[in-house]
Amino acid sequence: MAAKMRWYVVQAFSGFEQRVATSLREHIKINQMEDKFGEVLVPTEEVIEMRAGQKRKSERKFFPGYVLVQMEMCEEAWHLVKSVPRVLGFIGGTSDRPAPISEKEAMTILNRLQDNVDKPKPKTLFEAGEVVRVTEGPFADFNGVVEEVDYEKSRVKVSVLIFGRSTPVDLEFAQVEKA
């Protein structure tokens with residue numbers, strides 16, 4: 001990778017991020033400007049949700065409306081990006097002199113992408129003190145209060161009222177839903 005390349009944030013029509021990234025890659029190839037561009041990314045993370053009792057993986061964009069482009073900023077490269085359909089422009093700097101994001105910001109995003117490859121996040125995040133409904137297992141249809149959340153193991157400790165007594169129950173994320 002050339003030292004002159006920096007990460008820039010390009011604003012795209014919401015919902016068209018993937019299409020903009022694909023078009024951008026095609027434009028780079030057609031114009032033979034691979035030397036001016038590095039990676040083109042739509043930062044997404046894999047999330048796990050329960051639907052009809054099934055664990056489903058889906059992707060969620062964590063910067064909806066934005067595409068990250070690693071590039072060497074010059075007149076031709078700037079025009080190429082701006083000419084891609086559904087690109088609204090660059091974020092940061094001025095409209096004709098975009099500013100790159102800092103190396104630190106870029107690393108934060110890239111690390112988040114890498115972390116997510118290793119362990120997908122649950123789509124629903126639980127917090128201590130929140131009321132949830134148990135959806136399966138022996139305590140199905142009971143409501144309880146979240147006491148602890150363990151994202152590493154995708155488990156939640158819920159305090160359920162059974163025969164007038166508060167009983168801590170250890171459950172998987174998949175077994176509870178927000179009440």
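**Exercise 1. The five-stranded sheet**

In what order do the strands of the open sheet of five strands stand, and what is their pairing?

*Solution.* The structure is a predicted model. Step one is the order, which reads 11-10-9-8-12 in this open sheet. Step two is the sense of pairing, which is antiparallel. Step three concerns the edges: strand 11 (165–172) and strand 12 (176–178) each have a single partner strand, so one side of each is left without a neighbour in the sheet. Step four is the twist, which averages 45° from one strand to the next. As background, strands of a sheet pair through backbone hydrogen bonds, either parallel or antiparallel.

**Exercise 2. Bridges along the sheet**

Find how many bridges join strand 10 to strand 11, then follow the pairing through to strand 12.

*Solution.* Start at strand 11. Eight bridges join this strand to strand 10 (residues 155–162), and the two run antiparallel. Within this pair, V156 stands opposite L171 of strand 11.

Move on to strand 9. Strand 9 and strand 10 are antiparallel and joined by six bridges. V145 has S159 in strand 10 as its bridge partner. The hairpin of these two strands has four residues between the strands, and S154 takes a positive phi near 55° there.

Next comes strand 8 (residues 131–134). Three bridges join strand 8 to strand 9 (residues 143–150), again in the antiparallel sense. V132 is bridged to G144 of strand 9, and R133 stands opposite N143 in strand 9.

Finish at strand 12. Strand 8 pairs with strand 12 over three bridges, antiparallel. Here the bridge partner of V132 is K178.

**Exercise 3. Two faces of strand 8**

Which residues of strand 8 make up the covered face, and which the uncovered one?

*Solution.* Sort the residues by face. V132 and V134 belong to the covered face. V131 and R133 belong to the uncovered face.

**Exercise 4. The four-stranded sheet**

Give the strand order of the open sheet of four strands and identify the strands at its edges.

*Solution.* The order is 2-5-1-6, with antiparallel pairing. Strand 2 (37–41) and strand 6 (87–91) stand at the edges; each has a single partner strand, so one side of each lacks a neighbour in the sheet. Neighbouring strands are turned by 30° against each other on average, direction ignored. For one pair in detail, take strand 2 and strand 5, which are antiparallel and share three bridges. L41 is bridged to L68 in strand 5.

**Exercise 5. Two helices and a sheet**

At what angle do helix 1 and helix 2 cross, and how close do their axes come?

*Solution.* The axes of helix 1 (residues 17–30) and helix 2 come within 9 Å and cross at roughly 135°. The two helices are therefore oblique to each other. Their crossing is right-handed. On the helix 1 side the contact is made by L24, H27 and I28, and on the helix 2 side by L80, V81 and S83. Sorted by class, this contact has four nonpolar, two polar and no charged residues.

Helix 2 also lies across strand 1 (6–12), strand 2, strand 5 and strand 6. Its direction is at about 135° to strand 6.

**Exercise 6. A loop residue**

Is E72 buried or exposed?

*Solution.* First locate the residue: E72 lies in the loop between strand 5 (66–71) and helix 2 (75–83). Then take its relative accessibility, which is 13%. Buried means under 20%, so E72 counts as buried. Last, list its contacts: leaving out residues up to four places away in sequence, E72 touches K4, M5, D35, K36 and A77.

**Exercise 7. Positive phi in loops**

Where do Q32 and F163 lie, and does each count as buried or exposed?

*Solution.* Most residues other than glycine have a negative phi. Q32 has a positive phi near 50°. Q32 is in the loop between helix 1 and strand 2. At 64% relative accessibility, Q32 counts as exposed.

For F163, phi is also positive, near 50°. F163 is in the loop between strand 10 and strand 11. Its relative accessibility is 84%, so F163 counts as exposed. The cut-off used for both residues is over 50%.

Definitions and conventions
Residues are numbered from 1 along each chain as its sequence is written. This is a predicted model: local features need pLDDT of at least 70, side-chain atom pairs count only at pLDDT 80 or more; totals for chains, interfaces and linings use all residues. Side-chain values use heavy atoms; hydrogens and water are left out. Buried means under 20% relative accessible area, exposed over 50%, partly exposed in between (1.4 Å probe, protein chains only). Contact means heavy atoms within 4.5 Å. Axes are lines fitted to C-alpha atoms, for helices over the stretch in contact, and angles run from 0 to 180 degrees between N-to-C directions. Angles under 35 degrees count as roughly parallel, over 145 as roughly antiparallel, 65 to 115 as roughly perpendicular and the rest as oblique. A crossing is left-handed if the near helix is turned anticlockwise from the far one by less than a right angle, and right-handed if clockwise. Ala, Val, Leu, Ile, Met, Phe, Trp, Tyr, Cys and Pro count as nonpolar, Asp, Glu, Lys and Arg as charged, and the others, Gly among them, as polar. Two strands pair if DSSP finds at least two bridges between them.
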